[in-house]
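Work through the following exercises with the coordinates at hand, settling each step before moving to the next.

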Amino acid sequence: AVVSTQSTGDVVRGQCTLTLSSHTQGVTSIRWSGDDLLYSASQDRTIKVWRPSDGVLCRTLQGHGHWVNSMALSTDYAVRIGAWDPALQGKVQSADPQTVYNKYKGAGEEFMVSGSDDFTLFLWNPAKSNKPVCRMTGHQQLINQVLFSPNGRKIASASFDKSVKVWDGKTGKFVSTLRGHVRAVYQISWSADGKLLVSGSSDSTVKIWCMRTFSLLQDLPGHADEVYTVDWSPCGTKVVSGGKDKVLKIWRA
């Protein structure tokens, strides 16, 4: 079998310092942890946990029955914003990035969620165990994207079954289903405060959902074709969407 690899390197100098080989099919998703670990998901149905300092494979997470399409960490938001706090209107807060990461992580562990072509999600504590915390079922078709809320308390998953499902970020228990799209949901993104969620779909619409009532707050038509990707600005005031119609649209939240 062809061995798929990931590389880490000196970006400024353009040098590859490590090549990590263990996957037996294509690598689909990669995540840096704030705990000096690197996670990779693959079409070989596994997730691997690496130590990027020396390339050691720490453990392999198995359980999915088909390709692993997406994974997310409960600390993704903290890793993304670093020491920049949206609540301070663009000003850098006094805390260093590691302090911000520790704040979002809290006293607990860094959790991971994965979504697959097998219609399921798994919740993991990847730094500690290769066994899943739980298996999350309910979607009727493949899962395109999974995403923790900024505070890590909720998980959202987007699927080809035209729905977005919401789960408890600590236990993996099902919370609610967001229905309104009439074709596959490709991507989702949380607002900075976790109160809203945006979704983009094959039905050419962007939708804003209230995560307090789990209801549709606003429908944003305007794209002429499928919406492939959406993202919420870190400041929480804008949403951007892009798709098959070759344009980006910026919406005021």
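The exercises below concern a predicted model, and each is followed by its solution.

**Exercise 1.** Determine whether G115 is buried or exposed, and establish which residues distant in sequence are in contact with G115.

**Solution.** Begin with the location: G115 belongs to strand β8, which spans residues 112–116. Its relative accessible area is 0%, and since buried means under 20%, G115 is buried. Once neighbours within four places in sequence are set aside, the contacts of G115 are H64, W67, V68, N69, S70, T120, I143 and V146. For V146, which is 31 residues apart from G115 along the chain, the separation of the C-alpha atoms is 6.1 Å.

**Exercise 2.** Find how many salt bridges the whole structure contains, and examine the pairs K207 with D219 and K244 with E226.

**Solution.** A search of the whole structure gives 4 salt bridges. In one of them, the side chains of K207 and D219 meet with an N to O distance of 3.0 Å. Because K207 lies in strand β17 (residues 206–210) and D219 in strand β18 (residues 215–220), this pair ties together parts that are 12 residues apart in sequence. K207 is buried at 5% relative accessible area, whereas D219, at 37%, is partly exposed.

Turning to K244 and E226, their closest N and O atoms are 3.8 Å apart, which satisfies the cut-off of within 4 Å. K244 lies in the loop between β20 and β21, and E226 in the loop between β18 and β19, so the pair ties together parts that are 18 residues apart in sequence. K244 is partly exposed at 42% relative accessibility, while E226, at 12%, counts as buried.

Technical notes
Residues are numbered from 1 along each chain as its sequence is written. This is a predicted model: local features need pLDDT of at least 70, side-chain atom pairs count only at pLDDT 80 or more; totals for chains, interfaces and linings use all residues. Side-chain values use heavy atoms; hydrogens and water are left out. Helices (H or I, at least four residues) and strands (E, at least two) are DSSP runs, numbered from the N terminus. Buried means under 20% relative accessible area, exposed over 50%, partly exposed in between (1.4 Å probe, protein chains only). Contact means heavy atoms within 4.5 Å.
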